[in-house]
Amino acid sequence: QLQLVESGGGLVQPGGSLRLSCAASYALDYYAIGWFRQAPGKEREGVSCISTPGGGTNYADSVKGRATISTDSAKKTVYLHLDTLKPEDTAVYYCAADIYGACYGNSWDRESKYDYWGQGTQVTVSS
């Protein structure tokens, strides 16, 4: 059973940056790994996705140009680097894994395609 643990959240000032980590219990080969977020009172939304081993990525329009998703060489940790943070980035951030998934097309942010989820890490952007 794959386990995912997010870390790296916290309180950040507007304009700051943050790197979130998603640690997997085993190497994520032939997966799509997505980052999602849920703000208070809102539905969970997709933020970004990366597929292994090819490394294809996708980003939500709301973070495009401000976010970078990557994996470590062992493919056991997936990172989400967020720059120029805004108060509207405040949310609980989750990572999720889709076995044999892909990140291209219009379905990368469909929650139902992901098989495993982490517990989330809180990101608060405030001065």
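# Salt bridges, core and surface of a predicted model

The side chains of K113 and D98 form a salt bridge, with N and O 2.4 Å apart. This pair connects distant parts of the chain, since K113 sits in the loop between β9 and β10 while D98 belongs to strand β9, 15 residues away. K113 and D98 are both buried. Please keep in mind as you look around that this is a predicted model. The points below start with the charged pairs, then move to the core, the surface and the backbone.

**Around K113**

- K113 has a relative accessible area of 18%, so the residue falls under the 20% limit for buried.
- The side chain of K113 also has a polar atom 3.2 Å from the backbone oxygen of A102.
- Beyond the four places on either side in sequence, K113 touches A32, D98, G101, A102, S107 and W108.

**Other salt bridges**

- Side chains of opposite charge can pair when their charged atoms come close.
- The model has 6 salt bridges in total.
- One of them joins the side chains of R44 and E111, with 3.0 Å from N to O.
- R44 is in the loop between β4 (31–38) and β5 (45–51) and E111 is in the loop between β9 and β10, so this bridge ties together parts 67 residues apart in sequence.
- Both ends of that bridge are partly exposed: R44 has a relative accessible area of 26%, and E111 has 29%.
- Another salt bridge pairs D61 with K64, whose closest N and O atoms are 3.2 Å apart.
- D61 is exposed, at 66% relative accessible area.

**D89 and its surroundings**

- D89 lies in the loop between β8 and β9.
- With a relative accessibility of 2%, D89 is buried.
- Through salt bridges with shared partners, D89 belongs to one network with R37, E45 and R66.
- A polar atom of the D89 side chain is 2.8 Å from the backbone nitrogen of K86.
- Setting aside residues within four places in sequence, D89 contacts R37, R66, T84, V123 and V125.

**The nonpolar core**

- The largest nonpolar core is made up of 37 residues.
- Inside this core, L2, L4, W35, V78, L80 and Y93 have the most contacts.
- Two or more core residues come from each of these elements: β3 (18–24), β4, β5, β7 (67–71), β8 (77–82), β9 and β11 (121–125).
- For a look at one core residue, try Y93: apart from residues up to four places away in sequence, Y93 touches E6, L20, W35, F36, R37, V47, L80, L82, G120, T121 and V123.

**S70 on strand β7**

- S70 is part of strand β7 and is partly exposed, with 28% relative accessibility.
- Not counting residues up to four places away in sequence, S70 is in contact with I50, T77, V78 and Y79.
- S70 and R37 are 33 residues apart along the chain, and 17 Å separates their C-alpha atoms.

**A nonpolar surface patch**

- Y30, I99 and Y100 make up a nonpolar patch on the surface, and together they have about 380 Å² of accessible area.
- I99 belongs to strand β9 (residues 91–99) and is partly exposed at 34% relative accessible area.
- Y100 is in the loop between β9 and β10, where this tyrosine is exposed at 71% relative accessible area.

**Backbone features to check**

- Most residues other than glycine have a negative phi, and most peptide bonds are trans.
- Y100, the patch residue, is not a glycine but has a positive phi of about 60°.
- T84 also has a positive phi, of about 45°, without being a glycine.
- T84 is located in the loop between β8 and β9, and with a relative accessible area of 47% T84 is partly exposed.
- The peptide bond between T52 and P53 is cis, with an omega of about 5°.
- P53 sits in the loop between β5 and β6 (57–59).

Note on methods
Residues numbered from 1 in each chain as written. Predicted model: local features only at pLDDT ≥ 70, side-chain atom pairs only at ≥ 80, totals over all residues. Heavy atoms only, no water. Patch = residues over 30% accessible without salt bridge, like charges linked within 9 Å, V, L, I, M, F, W, Y side chains within 5 Å. Areas by Shrake-Rupley, 256 points an atom, 1.4 Å probe, with all protein chains shown as cover. Salt bridge = Lys/Arg side-chain N within 4 Å of Asp/Glu carboxyl O. Helix = DSSP H or I, 4+ residues; strand = E, 2+ residues; numbered from the N terminus. Buried < 20%, exposed > 50% of the residue type's maximum accessible area, 1.4 Å probe, protein only. Polar contact = N/O pair within 3.5 Å; in protein donor to acceptor, adjacent residues only side chain to side chain. Contact = heavy atoms within 4.5 Å. Core = buried A, V, L, I, M, F, W, Y, C linked by side-chain atoms within 4.5 Å.
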